[in-house]
Amino acid sequence: MSSPASTILRRALLYVPASSTRMMAKSLTLRSDNVTYDLEDSVTPSHKRDARKHLCSHLSSLDRTSTIGDLAVRINGVSTPHALEDLRALAGVPNLQTIVVPKVNSASDLSFVTDVLRHVAPERHSTVPGARPIKLIALVETARAIMDLRSICAASPYLDGLIFGAEDFAADLSITRTPSLKEFLYARSAMVTAARAFHLSSCIDLVCTSYKGPEAKSVLEKECLNGKEMGFNGKQCIHPDQVAIVQNMFAPSEAEVEWAVRLLIADKKASEAGRGAWTLQGKMIDAPVAARARVLVAKAKHCGFDVDSMNEKWQHQEPE
Ligand code: COA
Ligand code: MG
């Protein structure tokens with residue numbers, strides 16, 4: 001089995017319109033886990049060609065010490081005349097790590113992208129050891145895609161994650177978006193489950209379109225909490241102000257980490273004493289609860305928590 005999906009740190013995915021040289025420059029000063037330069041919906045058809053050209057020179061000028069953890073481009077949908085041009089222009093750019101494919105409807109959309117990448121950049125997409133292929137992330141934003149999640153997840157060896165596109169999904173189903181997000185429950189839950197079943201590294205939640213004004217922060221925090229509880233490991237952002245909030249909300253909280261540390265210390269003692277089920281703070285603990293605590297502690301280490309100090313503080317924790 002692969003490592004637990006929830007330890008992968010793709011928390012904030014920031015879209016940057018490739019038509020804006022100002023925002024592209026700004027993106028290099030930000031500390032987002034992922035930056036996705038967008039050639040799709042934030043670029044009008046008449047600007048696609050120029051945006052693609054500027055994006056290629058922007059990417060080629062970046063040095064490898066860039067602070068961006070994961071550098072991606074959202075190409076145009078494969079049913080448009082632009083997608084092939086996007087792939088031809090981008091596949092050979094060495095700094096590009098990930099391609100986000102929008103409006104993936106079925107497995108054949110990802111097969112198409114996979115075939116083009118292999119054709120345009122054969123060395124990078126060969127089976128030779130050390131080859132570093134461009135990873136793919138599929139944007140799931142139609143009813144058809146939800147019905148075909150199983151084959152979409154198995155369509156390409158380069159597929160690394162899923163993203164939920166709420167606005168297109170709402171348009172496809174004539175859904176009215178509400179603050180509770182209950183109308184997306186089935187689709188979002190199906191995606192998280194499929195991503196986990198196929199060992200994909202990440203499943204990224206919907207965009208919070210409210211980014212400005214007094215309510216923006218609390219709306220975003222509420223959405224993050226909802227997504228984290230459902231099993232998403234990150235969220236799409238459209239504005240730099242959203243990035244730190246998303247990173248913070250998708251990291252474990254201090255209380256969660258402390259609980260997991262205490263649990264694992266006591267669990268070791270319980271299992272040495274031959275106790276499979278035991279109690280901590282009045283709650284029953286057994287193997288799956290301990291497994292969840294282990295994932296949480298691994299994630300906390302990635303997020304910079306001082307787990308060693310917590311271990312020392314709680315070294316005398318006993319199973320109740
Ligand atoms: N990426 C990088 N920089 C961004 C940014 C983004 N997504 N959004 C805003 N900025 C920059 C602005 O250029 C500005 O930079 P400056 O300090 O150098 O002037 C700064 O952050 C503050 O921006 P602000 O004035 O608050 O916002 P704006 O009015 O310039 O832009 C939007 C608002 C919504 C148009 C813009 O955030 C945007 O285009 N977001 C992405 C939209 C997108 O990609 N949609 C498709 C995917 S859903
Ligand atoms: Mg969309």
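Which side chain has an N or O atom 2.7 Å from an oxygen atom of ligand 1, besides that of Arg 22? Here are a few notes to help you find your way around this predicted model.

1. The answer to the opening question is His 239, whose side chain places an N or O atom 2.7 Å from an oxygen atom of ligand 1. Arg 22 also has a side-chain N or O atom 2.7 Å from an oxygen atom of the ligand. Tyr 15 takes part through its backbone instead, with a polar atom there 2.8 Å from a nitrogen atom of ligand 1.

2. Now for how the protein covers this ligand. Ligand 1 exposes 900 Å² when taken alone, and the protein buries 64% of that. Two elements each give two or more residues to the shell: strand E1 (12-17) and helix H1 (21-27). E1 supplies the largest share, 4 residues.

3. It is worth looking at who is in that shell. Of the 14 residues around ligand 1, the closest include Lys 26 and Ile 238. Sorted by class, the shell holds 8 nonpolar, 4 charged and 2 polar residues.

4. Next, turn to the magnesium ion (ligand 2). Its protein donors are Glu 141 (OE) and Asp 168 (OD), at 2.0 to 2.2 Å from the ion. Glu 141 sits in the loop between strand E5 (135-140) and helix H5 (143-147), while Asp 168 belongs to helix H7 (residues 166-173), so the pair ties together parts 27 residues apart in sequence.

5. Finally, compare the surroundings of these two donors. Glu 141 is buried, at 3% relative accessible area, whereas Asp 168 is partly exposed, at 26% relative accessibility.

How values were computed. Residues numbered from 1 in each chain as written. Chains lettered and ligands numbered in written order. Predicted model: local features only at pLDDT ≥ 70, side-chain atom pairs only at ≥ 80, totals over all residues. Heavy atoms only, no water. Donors = N, O, S within 2.8 Å, 3.2 Å for Na, K, Ca; no water. Buried < 20%, exposed > 50% of the residue type's maximum accessible area, 1.4 Å probe, protein only. Near = heavy atom within 4 Å. Polar contact = N/O pair within 3.5 Å; in protein donor to acceptor, adjacent residues only side chain to side chain. Areas by Shrake-Rupley, 256 points an atom, 1.4 Å probe, with all protein chains shown as cover. Nonpolar A, V, L, I, M, F, W, Y, C, P; charged D, E, K, R; others polar.
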